[in-house]
Amino acid sequence: IVYKFEALRKRPFVAKAGASMEEQPASLAVDGISQPPSTWITGFAPLPVEIIVDLGDNYVVSKIIINSLVEGGKSFAPNIVEVYTSDVGDKDSDFIKITKFSGFADHNTEIPLVTMPTFRWVKLLITEGKQANTIGINEIKFYDESGTQIISYYRQEETLSLIHISEPTRP
């Protein structure tokens with residue numbers, strides 16, 4: 001008997017950044033874990049600094065929530081961010097500026113995208129931070145037009161074979 005299973009497995013989005021500490025890469029900002037040590041940290045990098053996230057497919061996005069690092073009473077949140085999106089690629093020429101957002105909270109900040117653009121790639125260009133040269137982001141979350149969080153999945157097929165071994169019959 002052979003059984004075939006198809007499962008959806010959660011996977012993190014792909015991210016890259018203009019600056020990051022060796023042990024704190026951009027991928028940690030989109031891995032689904034909202035607490036340190038799973039945090040993207042730029043280190044002592046001059047601003048502006050960017051992070052580009054690939055959602056894996058085109059989505060209508062209504063808001064982005066940024067969960068920033070707060071450590072020792074200090075917030076490492078951005079202060080001003082320009083949001084660019086693309087549905088064709090992740091080169092600089094592919095991106096269109098959607099909004100500029102300022103006034104970040106110390107920990108969680110919601111960036112509304114009132115035009116609800118459809119995109120696969122988003123570039124967050126951080127032009128100012130709460131700390132001079134260090135940005136720390138625990139998690140970046142994306143939400144669709146219904147307010148549901150966008151999560152990346154992939155299909156995984158597994159095959160399970162069962163072999164029946166019969167016991168010998170006794171005379």
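Is R120 buried, partly exposed or exposed? With a relative accessibility of 27%, R120 counts as partly exposed, where buried denotes a relative accessible area under 20%, exposed one over 50%, and partly exposed the range in between, computed with a 1.4 Å probe on protein chains only. The model is a predicted one, in which local features need pLDDT of at least 70 and side-chain atom pairs count only at pLDDT 80 or more, while totals for chains, interfaces and linings use all residues. Residues are numbered from 1 along each chain as its sequence is written, and side-chain values use heavy atoms, with hydrogens and water left out.

The strands described below are DSSP runs of E with at least two residues, whereas helices would be runs of H or I with at least four residues, and elements are numbered from the N terminus. Two strands are taken to pair if DSSP finds at least two bridges between them. Strands of a sheet pair through backbone hydrogen bonds, in either a parallel or an antiparallel manner.

One open sheet holds 5 strands in the order β2-β4-β11-β8-β9, with antiparallel pairing. Its edges are formed by β2 and β9, each of which has a single partner strand, so that one side of each is left without a neighbour in the sheet. On average, and with direction ignored, neighbouring strands of this sheet are turned by 20° against each other, the axes being lines fitted to C-alpha atoms (for helices over the stretch in contact) and angles between N-to-C directions running from 0 to 180 degrees. Within this sheet, β8 is mostly covered, as 8 of its 9 residues are buried. The strand β8 is joined to β11 by 8 bridges in an antiparallel arrangement; V81 has I126 of β11 as its bridge partner, and S86 stands opposite W121 in β11. Towards β9, the antiparallel pairing of β8 comprises 6 bridges, with K97 in β9 as the bridge partner of Y84.

A further open sheet is built from 4 strands in the order β3-β12-β5-β10, again with antiparallel pairing. Here β3 (40-41) and β10 stand at the edges, and because each has a single partner strand, one side of each is left without a neighbour in the sheet. The strand β5 (residues 63-68) runs antiparallel to β12 and is joined to β12 by 6 bridges, among them the one in which K63 has Y143 of β12 as its partner.

The edge strand β10 (residues 108-112) contains T109, which counts as buried at 4% relative accessibility. A polar atom of the T109 side chain lies 2.9 Å from the backbone nitrogen of A105. When neighbours within four places in sequence are left aside, T109 is in contact (heavy atoms within 4.5 Å) with I64, I65, I66, F101 and F104.

Across the whole structure, the search finds 7 salt bridges, each defined as a side-chain nitrogen of Lys or Arg within 4 Å of a carboxyl oxygen of Asp or Glu. One of them is formed by the side chains of D90 and K16, with an N to O distance of 3.0 Å. As D90 lies in the loop between β8 (78-86) and β9 (96-102) and K16 in strand β2 (residues 14-17), this pair ties together parts that are 74 residues apart in sequence. D90 is partly exposed with a relative accessible area of 31%, and K16 likewise counts as partly exposed, at 43%.

In another salt bridge, the side chains of D54 and R120 meet at 2.7 Å, N to O. This pair links distant parts of the chain, with D54 in strand β4 (residues 49-60) and R120 in strand β11 (residues 118-129), 66 residues apart. D54 is buried, with a relative accessible area of 16%, whereas R120 is partly exposed.

The side chains of D106 and K130 also meet in a salt bridge, at an N to O distance of 3.5 Å. Because D106 lies in the loop between β9 and β10 and K130 in the loop between β11 and β12 (136-143), the pair ties together parts that are 24 residues apart in sequence. D106 counts as partly exposed at 45% relative accessibility, and K130 is partly exposed with a relative accessible area of 29%. In addition, E50, D92 and K123 are joined into one network by salt bridges that share partners.

Note on methods:
A polar contact is a pair of N or O atoms within 3.5 Å; within protein, one must be able to donate a hydrogen and the other to accept it, and residues adjacent in sequence count only if both atoms are side-chain atoms.
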